[in-house]
Amino acid sequence: MTERVTIIGSGPAGWTAAIYAARANLGPVVYEGAFNEDNRQKGTLPLGQLALTTEVENFPGFPAGDMTGYLDSSIDDGKRRYMAPHEKQGVSGPELMELMRQQAINFGAKVITDDIVELKLSERPFRVRSLSGTEFNTHAVIIATGARANYLGLASEDRFKNMGVSACAVCDGALPRFRNSPLVVVGGGDSAMEEATFLAKYASAVYIVHRRDEFRASKIMADRALNNEKIHVKWNSVIDEVLGDDENGVTGVRIRNVDDESQVEELGASGYFAAIGHTPNTDFLGNQLATSESGYVTWTQPPRTNTSVEGVFAAGDVADDRYKQAITAAGTGCAAALDAERWLADQGLE
Ligand code: NAP
């Protein structure tokens, strides 16, 4: 069997691509990923990074306010039960993803809950194999598998995810629990500077915990953070544990000085932000597509979403280490569907 277009990934890029491809009558199939322990551990479960966040206040079209009636009529009861109440909030990340998913299904996208583990781009049509063993061919592919935030790997980080542990200040920083109290950011690159500077707008103080005595960040971004009187740096320090309890979530961190192991300190904080980089989810691709040095799929003809292999398009965070926002991912998802549609038409495959 040969699909016209296969979309791999189920974040805002994947669903937006599916909505556009379905409306163009391409009959897209979406591999949304598998629900398994491996994906849970890696942070790559279906619905992507937004499924790991709470409120989303910056996705246009979802203003704060009581959305109950609208959301209840859009999502079936079985799923509705697992979602947070949303009075006074825009929309929650999981809700936004469920709504996009439903919108894609309404237009006829076929959704398969399985991972793609192999994609042979040397054959035409491309040959695809899923984790459960399904094999099929596809003329075009849209890769929208996203990226996962790197965490230190502490059990305590995992325990308090969504309860004060985050890897996205822009997504979560303005939430009530992070306002007017101290926060901790770990990392020393541009992301850490950006997150700390952003968080300082809301927090009473921000501690950057960095393992060395100098930042990797660009001078301009490092200076901006260092000149902010709310930001304090704990140099040569690592985080041994995120502290907290079930009721309050994160209450602080325990740090250790790497030069003098006896120097251990507890910092009180209502939030902990990991800013130690992201990893694009490209393992299943092998080395078949051109990528940047840090492994992000390269858009070879920007602003188009073409990749180094004709008929393969990329959308969202898997190809974007710059903006990394739900709305930009949705935008490139739309572009990828339109690019795929034109390419299929040019090949006489529409
Ligand atoms: P990055 O530049 O790779 O920096 C990661 C930081 O995390 C480094 O300081 C690193 O420490 C630290 N780190 C990594 N693993 C760690 C661990 N296990 N324990 C403790 N610390 C750890 O990543 P990034 O800051 O996310 O930036 C990624 C790319 O995006 C860069 O090219 C950056 O310039 C770009 N970016 C640009 C902007 C902007 O221009 N507005 C904003 C954000 C990101 P070491 O320094 O000791 O290795």
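**Close-up 1. Burial of helix H1 in the predicted model.** In this predicted model, 10 of the 12 residues of H1 are buried, so the helix is largely enclosed by the rest of the structure. The buried residues of H1 are Pro12, Ala13, Gly14, Trp15, Thr16, Ala17, Ala18, Ile19, Ala21 and Ala22.

**Close-up 2. The surroundings of helix H1.** Among the elements against which the buried residues of H1 pack are four strands, namely E1 (2–8), E2 (29–31), E5 (110–112) and E8 (135–143). The buried residues of H1 also pack against two helices, H5 (93–106) and H10 (326–346).

**Close-up 3. The span of helix H1 and the residue that follows.** Helix H1 comprises residues 12–23, and because 1.5 Å is expected for each residue, its 12 residues should span 16 Å, in agreement with the 16 Å that separates its end C-alpha atoms. H1 is followed by asparagine 25, which has a positive phi, near 60°.

**Close-up 4. The open sheet formed by E14, E15 and E16.** Three strands, in the order E14-E15-E16, make up an open sheet in which the pairing is antiparallel. Strand E14 (237–245) and strand E16 (264–268) stand at the edges and have a single partner strand each, so that one side of each is left without a neighbour in the sheet. From one strand to the next, the twist averages 25°.

**Close-up 5. The pairing of E15 with E16.** Strand E15, which covers residues 249–257, pairs with E16 in the antiparallel sense over five bridges. For isoleucine 255, the bridge partner in E16 is glutamate 265.

Note on methods:
Residues are numbered from 1 along each chain as its sequence is written. This is a predicted model: local features need pLDDT of at least 70, side-chain atom pairs count only at pLDDT 80 or more; totals for chains, interfaces and linings use all residues. Side-chain values use heavy atoms; hydrogens and water are left out. The expected span of a helix is 1.5 Å times one less than its number of residues. Buried means under 20% relative accessible area, exposed over 50%, partly exposed in between (1.4 Å probe, protein chains only). Contact means heavy atoms within 4.5 Å. Two strands pair if DSSP finds at least two bridges between them. Axes are lines fitted to C-alpha atoms, for helices over the stretch in contact, and angles run from 0 to 180 degrees between N-to-C directions.
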